[in-house]
Structures are given as C-alpha cells and as structure tokens.
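Visitor: Please take a close look at one chain of this model and go through how its parts are put together. I would like one connected account.

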Amino acid sequence: MPINVSLGDLSNGLLLATVVLYALAMLCYASDFAFARHRVMAGLTESSGAEVPAAELVAAGSGGPALSVAASNPSAATARRDESASRWPTGFWLRLAFGLTCLGLTAHLLAIVTRGIAEHRTPWGNMYEFIAAFTCMAVIVLVVASVWYRAYYMGLFVMIPIVFGLGIDLTVLYTPAGSLVPALQSYWIAIHVTAMIVAIGLFIFGAVVTTLYLLASRSVRRLAAGQPSWSAGILRHVPAPAVLDRLSYRSILFAFPVWTFGVMAGAIWADHAWGRYWGWDPKETWSFITWVVYAMFLHARATAGWRGRRAGYIQLIGLGCLLFNVIGVNIWVSGLHSYAGMG
Amino acid sequence: MTATEDNVSTPEATAPGRLAGLGPVGWLRWGWRQLTSMRTALILLFLLALASVPGSVLPQQGIDPAAVSQYFQSHPSLAPILNRLSLFNVFSAPWFAAIYLLLFASLAGCVLPRTVRLLGSARQQPPRAPTNLARLPASAGYRTETGPAQALRQAKALLTARRFRISEGDGWVSAEKGYLREVGNLLFHIALLALLFSVGLGGLFGYKANRLLIVGQGFANTPTALDVFRPGRLVGPGNLAPFAINLHGFSAKYVSSGPELDQPMSYDASLTYSDRPGGPVRHYQLQVNHPLVVDGVSVYLIGHGYAPIFKVTDGTGAVRWDGPVPFVPVDQTTLTSEGVIKVPDAKPGQLGFAGVFLPSAIDAGGRLASAFPAALNPRVSLVGFTGNLGMNSGQAQSVYQLETTGLRQLPMQPQPLAAGQSMKLPDGLGTVTYVGYQQWVSLAITYDPGQLPALISGIAALAGLILSFLIRRRRVFVRAAEGADGSTEVWLGGLARSDAAGGFETEFGELAELLRAELSATTTQPFVPERGELATPDASTPAANDETPDTASVSASREGE
C-alpha cells in the first residue's frame, strides 16, 4: 500500500506543535517555581529540623488511600486540609503548565497515530520514530507520576531533556514516512520495540528523578555542614531526598522487568529472523550491558554501604549505557540492527 | 551467605590475626563467603558489563570474520596484541568465561542456601509481637470498650481474612505475609542459572550451517553439502536431520521511486523440501522472518544475490564451463556484485576471469555503475587472465577470489556484455559468453536444542522478577491490654521487611482504619504515614531484635534484587 503523504505531513505538523507546547509547558513549570507563592517543600527543611507542613510530605510521599485515613481522624485532618493535598495541580502557573503538558501529550500521541496510519504499520521503524515514541512515553510517565504521586515538581526537570531530544529528532534525525525493510516486517516489532519504548520512557524519568535526588542529598549535606549550596534555591521546590529516591526506585522497578521482557522478545524475534536468539550483535551486547548495570543498581540499593548516592550514580551509568545503545550504537557501530539507524 | 556487608565486617573476616589462625577449612569458608557476598556479586556484575564493551567496539571473529581480517590489515602492530588478549573473541574468551562462571558460582552460593532456608521456613510462624508497637515504622493506637481478648480475636479475624500467617500469645497477635517475594526472587536467580545451562546445551548439541543455493539447485543436509558447518562439541555427522531442499525461484521487490528508492520491500524464495530421502515433497515460501522448520531444524533466508551464467570455450573449441557463477554483492543498495570464473581445464592455457555484475547498468560519467538492485538492465564486465591458477597446489582456495599472482592479464578492452554477447579472447585462447543470469539465496541452517529450555528459563526469570517486585514481605502486630480507666488500649504496629519502594504505608493505613471501625474505637495515636521511610528493614527496630537469627539472615540476604 502506498504511503499516505498528506497524513505524514499532518503527523510532522503535530510533532512540531508538540515541541512548542512542551517548551511552553517547561516555561510555565519554571514560572511556577519562580513566581508562585510556594510552600517550601520538605527537602531542605527536614534535615535542619524545621517545621515541615505535614501535607507536603503526604502529598509527595504517599498515595490516595493514606489520605482517606488521615481524613478519618480529626487531629491529622486539620494539618492536611491544605490546598496542596489535592491530586490535581494548584496555582495559576502550575495549572497552565500541566494543561500545556496534557495538550502537548495529546498532540504527541496524535502525531504517532497519524504517522502509523500514513505508513500502514507500527510507527517505530527508524530512529526518528523511535525517539518520538519513547519521549512520548517519558511524558506519559511524567503525567501519571504528577497525578498519582503529586510529583508536579518533576515537570520542569523532565521537560528540559524531552524538548531538547524532540528538537534534535525533528531537525537532525527527521525521516520521511516510509515502508520497512523485510527484516523489520514482523509482528514482533510491535512487541519488542514497544516494550523497549515503555522501558526507556520509565528509565529516563527515573534518571531525571535520580539526578534531582543526587543534587538534593548533596545540598542537604552541605547545608547541614553549614556550607553554601548553589542548588538550594531551586531544590526548595522539591521534596526530601528520600522521597525522590523512592520515586526513582519505583520507576526502575517498573522499567526493569519491562526491559527484561523487551530483551527476551528481541531474542525471540532474532531467532525468527536470523536463526539465533543471541549473537552478541552490538545492539544486543549493549542492551545486555544496560540490563547488567540496572541489575547492579537494584542489588546496590538492597546492600548496606551502597544504597543512596552510590546506587544513584550506578543508575545514571545505566541510563548512559541505554542512551549509548539507542543513539551511539546506531551512529558509530555497524551491526544487524543498523537499519534502525541513520540513513 | 548473606549479601550485606555484615559478613565482611564480622571480626573473624577482618582481623588479620584471626585470619592467620583460620586453617585451610577456615580459609575456604572465608573465601566462599567472600565469593558469595553481595559486594563481590556487584563487582562481578560490573566486570561482566565492562568486559562486554570491547565485544561491541572491536570486530568479532564469530560475527564478522571479514571485518577482523580487515582490522588486522589496517592495524598490523596492534591487532596481534589484541588477538592474544582474545579481544576478537570476547564472548568465548577465557577471561570472559571466568567472570560469568564466578558470578554464577556466587549466585549459586547465595541462592541454594536461601532455597533451603525458605523451604525450612515454609511452616514457620511469625515472631512474637514487640513490646512497644509505637516504636515500629508504622503504628497506630486506639481506645475501645471491647475487651482485650475480644479485640485480639477480631484483629486476628481481620488479618486472617487478609491471608496473613498468624501466631498469637498472651495479649498479642503477630501476622506476616508476602513469603512469595522470596520465592519469586529465588525463582529469578535459579532461572538465570538454568538459562546459562540452556545456552551451554545449545553449544554442545546444536549446530549452525550456511549454504548458498542457486535457483534450480538443491542440496541435502549433510556436512559435505554445507558451505559452512559449525557443529557443537558433541555433534557428529550422523546427527544431522536428513532433509533435502530444492530452490525453484526467488523474487525480490524494491521501492522504485521516492526517497526510499532501492530499499527492499520483500524477499521470497520458493522451495520444495522433504524431511528424509524418499519422503513426501512439500512446498514452502521462504521469507525473512518466516523460517522453514524441518525436524526441529530451522532454515532461514539470510541473503541473496545474482549468479551470471557463463559459457567458456577454450582454444581447442571445447566447452570448458557452462553454468551459473554466484557473484557476491559489494554494494547492498544497488547490488553491484563481483565474482570469478576459474577454468583450469582450458587449453592451451588455464583461464580465469574476474567479473563485475551490474543489475541495472547505467553510464555514470564514462564509468559503468548500477542504478537499481533489480535486474532491469543486467551487464557483465570481465577481465581475463591466463597462466597457472594454482588449483592443483593442494592449497584451499576461495571460489570467490582469484589469486592473480603468477597469472598474466589478457590484453583486452573491458566491455560490458549483455545477455547472449560473447567476447573473443586474444592469442586464440577461446571465447567467453555471458548467457544470462540466475539468482541465488543464502540459507542459514540452525539446530539448537537449548532453545526451548532457554525460553522457559527466560519466562521463569521474568515471572520471578515480577513476583519479587510486586510482593512485599510485611509484618503486622496487634497488642491489646486493659488501660487505667477500664477501657481497652489497642496498638497496631507494622513494618515492611523488604519494602524499598513504599506502598506498605497505604496498606497499613487501610488496616488501621479497618481495625478502628471493627472495634468501634477512638484513635489515641493516629497512623502518620510519613514517619518511617520504610526504605530498608532497619536492624535497630525492635521487631528485628525479636527475630530468630534464622529469619534475620533471610531478610538480610539479597532481598530486593
């Protein structure tokens, strides 16, 4: 079937609109930090022993049912009957930012769907489509975490790499809508690559949270020692390091089995297409390395003396391996996955 | 066999004076404990990741031998050193094997004792409730008019209904849940061991082979009929499935316009096969992603190309060659292909030709080039040689290369031949005719008995992983006693034994509220969710002090992996 060119153009326009909306959302998240009459979040006050609004901790730390418990007992309820106990964003800038994020995500999803219809296939056949897909997944994770864990403070920090990544994708890596080479014509593309996209979106979100965690815990330590901390200003808007650590760990706990499944699905597909389930192709090797490093992270986090900052650094190394696999291997190393790459 | 640093910091492990007096058994035990410690496992994991890197950066013998020999040519001084370090064979190198075998030994050393302990604890009861439940990471207090015994009965019923394992004593109820977490964790690690064994099984009893097949030809699955045959260590020639395959046609479709010009759309090989000599002949359309499976052996379409047909008549007028010669694509987008024809029987002199096949020949500025991978305008250009081809020297020769040292190039103007055109050779050496072309496919034949075990191991590993991530092991305690004013004071306390990701607070909050409603009690100390970070089971919590050493070591071992 021929490629539907006008629908492909519509997809391009939608993705461009997505980047613009995300960029505006990013500015609004930043404005929320800068202008909103902000509650000081738990992060830097907790360690110094100052009063912490209980609602903030609840808001950042736990899910809905805990709140209903709180509401059922009157003494706690007074402390929690605070505007920020709401699941939904509060304040002009944050509402605007979140609205723009959701609008951008809608455009993003539509861009992917129209692209798929234009090409009559799952639209993850090349690097342009792949990046568009996993950035979309990262934004979905952001939106879910925002509502579920009230992690609205992540908006700015997640949007920065997303806008940057999508911008590169649209300019440098743009590939017109087209068909697939025979090696990719398999239903396994919908299984293997989708799993990878979901996992990468979660891994990216986890890494952004971990970066914030490392900054926050450094800042907490420095302030506790009476030293200046350059990041203290912006980290006022972020919850305690332990809360960040847990949020990041949650996303990795989710991502790791999905990644494991994706690697396995890839092995089954490789067996269908090339006659072996594992052949140490560079892409396979690096997905293995990524898997091992994230496994290290999970082990480190369960080991005394490694949890905390050290585990955080291991997780960031894991994301480094992941991104090298997604981008570096496609550009610098040739292998059986080369069709996924550039030109 | 615990995974925390506890064992590293135990006195006998750190004090050098004690080490000296350990004796051989003590040393062995010390070494085994080091090997199975979590820190060692972490370091081995890191080494495994690091050791894989050169395998993706440097060309590998098992994946792309041609790239390796090219690397040897372009780095003549460096390559032999790298080769000595097995860096062109990373994944079969002794040092790579050393890392993963140590890792799996460490894994086995950790997992097996834990399995034994888990089996032993299958019927174990939760420990008695700590005295002061308010000191637990999660706690709540109530006052109710219900009597203490009745309150405990109701609490027990509530916890039993939620499928907790219960033990009780004077004034307390202990409940524990989530034993499947350890089961999942162990399943994951044991499945990884099984996966390694499956891979080994495939390496011993499986084989890989390649065969190039021109349309119209056939072959039987025997070692001599295969171009490349890599048997596993325990595979003999008689172990090959005795099927036979004939190739009847091949078609490739390409995008003929637009930005994706030249991109292939489909490959389709039409073949017949029988699973044994004299067996029924069946038809199969072999495509990429659609392998043919015969007798447990899979046949894959992995490549294709052109085989121009030549007819070579020598100086005596005898036809010395008449048939297709497979040419190897040197440009994958336009399928410009190269190949050689060797005619050792030609008289008066042996003849050799090096040729270029252009599927869609065009004139690119005075030079011939192919514009498209399909054979729209096929042309062949030949350079002829005469002299001793060296085919009787006993040395193995590639059929795709012509060793031109010792040969004399024939003084001819290279001219592109269309189908049916001939070229007369100088000095009365004969003529060569380009008759037409045929297509060839390259087939990969693999047999891997480790495949199904590997798949099952993989699924088991994933199931174990999900189980251990989803399930929390947690304990809930209830104490009830008569208070000073005659009403009953009820305390609820809980801790997650392995709940680094949170979520226990939610469950505890629900339990606290249910218990309050059940006892129609008033809250004296509310449950404050954020009190305990629940990041790790903390050894200093009162509950941990109450534990028997046995369960304590279970919780301290590699949980949360």
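Guide: In chain B of this predicted model, 66% of the contacts with a separation of 6 or more link residues 24 or more positions apart. Of the 561 residues in chain B, 39% are buried. Chain B contains 14 helices and 24 strands.

Take the six-stranded sheet to begin with. The sheet is open, its strands follow the order 2-3-22-23-1-24 in chain B, and their pairing is antiparallel. Its edges are strand 2 (165-169) and strand 24 (522-525) of chain B, each of which pairs on one side only. From one strand to the next, the twist averages 20 degrees.

At one edge, strand 2 of chain B pairs with strand 3 (residues 172-177) of chain B in the antiparallel sense, over five bridges. Within this pair, Ile166(B) has Ala175(B) of strand 3 of chain B opposite it. As a general point, strands of a sheet pair through backbone hydrogen bonds, in either a parallel or an antiparallel manner.

Two helices belong in the same account. Helix 9 (residues 148-161) of chain B lies across strand 1 (138-144), strand 2, strand 3, strand 22 (474-482) and strand 23 (488-496) of chain B. The direction of helix 9 of chain B is at about 165 degrees to strand 22 of chain B. Helix 12 (residues 504-518) of chain B also packs on the sheet, where it touches strand 1, strand 22, strand 23 and strand 24 of chain B. Helix 12 of chain B makes an angle of about 165 degrees with the direction of strand 23 of chain B. Strand 1, strand 22 and strand 23 of chain B are thus among the strands listed for helix 9 of chain B and are also touched by helix 12 of chain B.

Chain B has another open sheet to consider, with four strands in the order 5-7-8-9 and antiparallel pairing. Strand 5 (218-220) and strand 9 (282-286) of chain B are its edge strands, and each pairs on one side only. Here the twist averages 25 degrees from one strand to the next. The edge strand 5 of chain B pairs with strand 7 (residues 244-254) of chain B over three bridges, in the antiparallel sense. In that pairing, Ala220(B) stands opposite Ala244(B), a residue of strand 7 of chain B.

Conventions:
Residues are numbered from 1 along each chain as its sequence is written. Chains are lettered from A and ligands numbered from 1 in the order in which they are written. This is a predicted model: local features need pLDDT of at least 70, side-chain atom pairs count only at pLDDT 80 or more; totals for chains, interfaces and linings use all residues. A residue is buried if 20 or more other C-beta atoms lie within 10 Å of its own, exposed if 12 or fewer, and partly exposed in between; C-beta atoms are placed from the backbone. Two residues are in contact if their C-beta atoms, placed from the backbone, lie within 7 Å. Two strands pair if DSSP finds at least two bridges between them. Axes are lines fitted to C-alpha atoms, for helices over the stretch in contact, and angles run from 0 to 180 degrees between N-to-C directions.
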